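Trainee: I have a structure open and would like to go through it with you. Could we take it slowly, one topic at a time?

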Amino acid sequence: MKKNMLVVGGAAVVVVAVVIGAVVMHKGPGSGGSSGGSGNTAGAAAQAGTPAGGSYTVVSACKALTLADATAVLGKGTKAGSANGSSDTASGDVSVSTCSYSGAAGLTIEDTKTVTLLSRSAKTKAGADSNESIFTTSKPTGKQDVPGVGDAAFWDAQLSQLDVLQHHNWYIIGNMSGAHADSGTLDVSKAVYSQIKAKL
């Protein structure tokens, strides 16, 4: 599985490329075509977290996970990632955005902790169905189910990522120490979820 690396305060944060690659490839209502594309094409509604139509709501990662939220988990000295917002994309069916924060720098890069939120918001039924399939028919094998989080959730220990389905949207809450993808804990990702769940 391909991984993208975001540099955040000297530490690398893993974001699974399958999320970007999973952007619905067929035409949705009024989509005019369809893939995730590149560049910052998310509209004002996507950035504001306003309804995209019907019962779907686009949630911008940095609106959901703020510096104050990250600081509550990582502690004093937390900083926003310089790449926040630069790779946000949208298609007719989904909107994808990412937000990362790093804690106060430690004596070594291994001491620096990071948290990341990737939001894959459904804008149409096709987008919602695609998101929901990750928790049903397309769910990766060997992942730990996490009851009581969102509508469905599972923990990926190899990538230190908590995948959450909530209100048709797919969120990935990652955390790690230094540059090791498997160095994060479920408890930290759950703490981030607790801070932001009312905004998802």
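**Rings, a disulfide and cores**

Mentor: Let us begin with the rings, where the structure holds two aromatic pairs; please keep in mind throughout that this is a predicted model.

Trainee: How are the rings of Phe-135 and Phe-154 placed, and why is the pair called tilted?

Mentor: Their centres are 5.3 Å apart and their planes meet at 50°, so the pair counts as tilted, since that label covers angles that are neither under 30 degrees nor over 60. Phe-135 sits in the loop between α5 and β9 while Phe-154 belongs to strand β10, so the pair ties together parts that are 19 residues apart in sequence.

Trainee: And which type is the pair of Phe-135 and Trp-170?

Mentor: Here the centres are 6.4 Å apart and the planes are at 85°, so this pair is edge-to-face. Like the other pair, it has Phe-135 in the loop between α5 and β9, but its partner Trp-170 is in strand β12, and the two residues are 35 residues apart. Taken together, Phe-135, Phe-154 and Trp-170 form one aromatic cluster.

Trainee: Are those rings buried or exposed?

Mentor: Phe-135 and Phe-154 are both buried. Phe-135 has a relative accessibility of 12%, and Trp-170, at 3%, counts as buried too.

Trainee: Switching topic, how many disulfides are there, and which residues form one?

Mentor: The structure holds one disulfide, formed by Cys-62 and Cys-99, whose sulfur atoms are 2.1 Å apart. The angle about the S-S bond is 100°, and the link of Cys-62 and Cys-99 is right-handed.

Trainee: Which parts of the chain does the pair tie together?

Mentor: Cys-62 lies in helix α3 and Cys-99 in strand β7, so the pair ties together parts that are 37 residues apart in sequence. With a relative accessibility of 29%, Cys-62 counts as partly exposed, whereas Cys-99, at 0%, counts as buried.

Trainee: What about the largest nonpolar core, which residues have the most contacts inside it?

Mentor: That core has 22 residues, and those with the most contacts inside it are Leu-117, Leu-162, Val-164 and Ile-173. At least two residues of this core come from each of α3, β7, β8, β10, β11, β12 and α6, and α6 gives the largest share, with four residues.

Trainee: Which residues does Val-164 touch?

Mentor: Leaving aside residues up to four places away in sequence, the residues that Val-164 touches include Phe-135, Trp-170, Ile-173 and Tyr-193. There is also a second, separate core of nine residues, and among its members are Val-94, Phe-135, Phe-154 and Ile-172.

Trainee: Back to α6, which of its residues are buried, and where do they fall around the axis?

Mentor: The buried residues of helix α6 are Leu-186, Ser-189, Val-192, Tyr-193 and Ile-196. Seen down the axis of α6, they fall within an arc of 125°, so they line one face of the helix. As a general point, an α-helix has 3.6 residues a turn, so residues three or four places apart point the same way.

Trainee: Last one, what does the protein chain come to as a whole?

Mentor: Its secondary structure comes to six helices and 12 strands, and buried residues make up 48% of the 200 residues in the protein chain. Among contacts between residues at least 6 apart in sequence, 59% join residues at least 24 apart. The protein chain exposes about 8,900 Å², of which carbon and sulfur atoms supply 56%.

Terms used. Residues numbered from 1 in each chain as written. Predicted model: local features only at pLDDT ≥ 70, side-chain atom pairs only at ≥ 80, totals over all residues. Heavy atoms only, no water. Phe/Tyr/Trp six-rings, centres within 6.5 Å; stacked < 30°, edge-to-face > 60°. Buried < 20%, exposed > 50% of the residue type's maximum accessible area, 1.4 Å probe, protein only. Arc of directions from axis to C-beta. Disulfide = S-S within 2.5 Å. Core = buried A, V, L, I, M, F, W, Y, C linked by side-chain atoms within 4.5 Å. Contact = heavy atoms within 4.5 Å. Areas by Shrake-Rupley, 256 points an atom, 1.4 Å probe, with all protein chains shown as cover.
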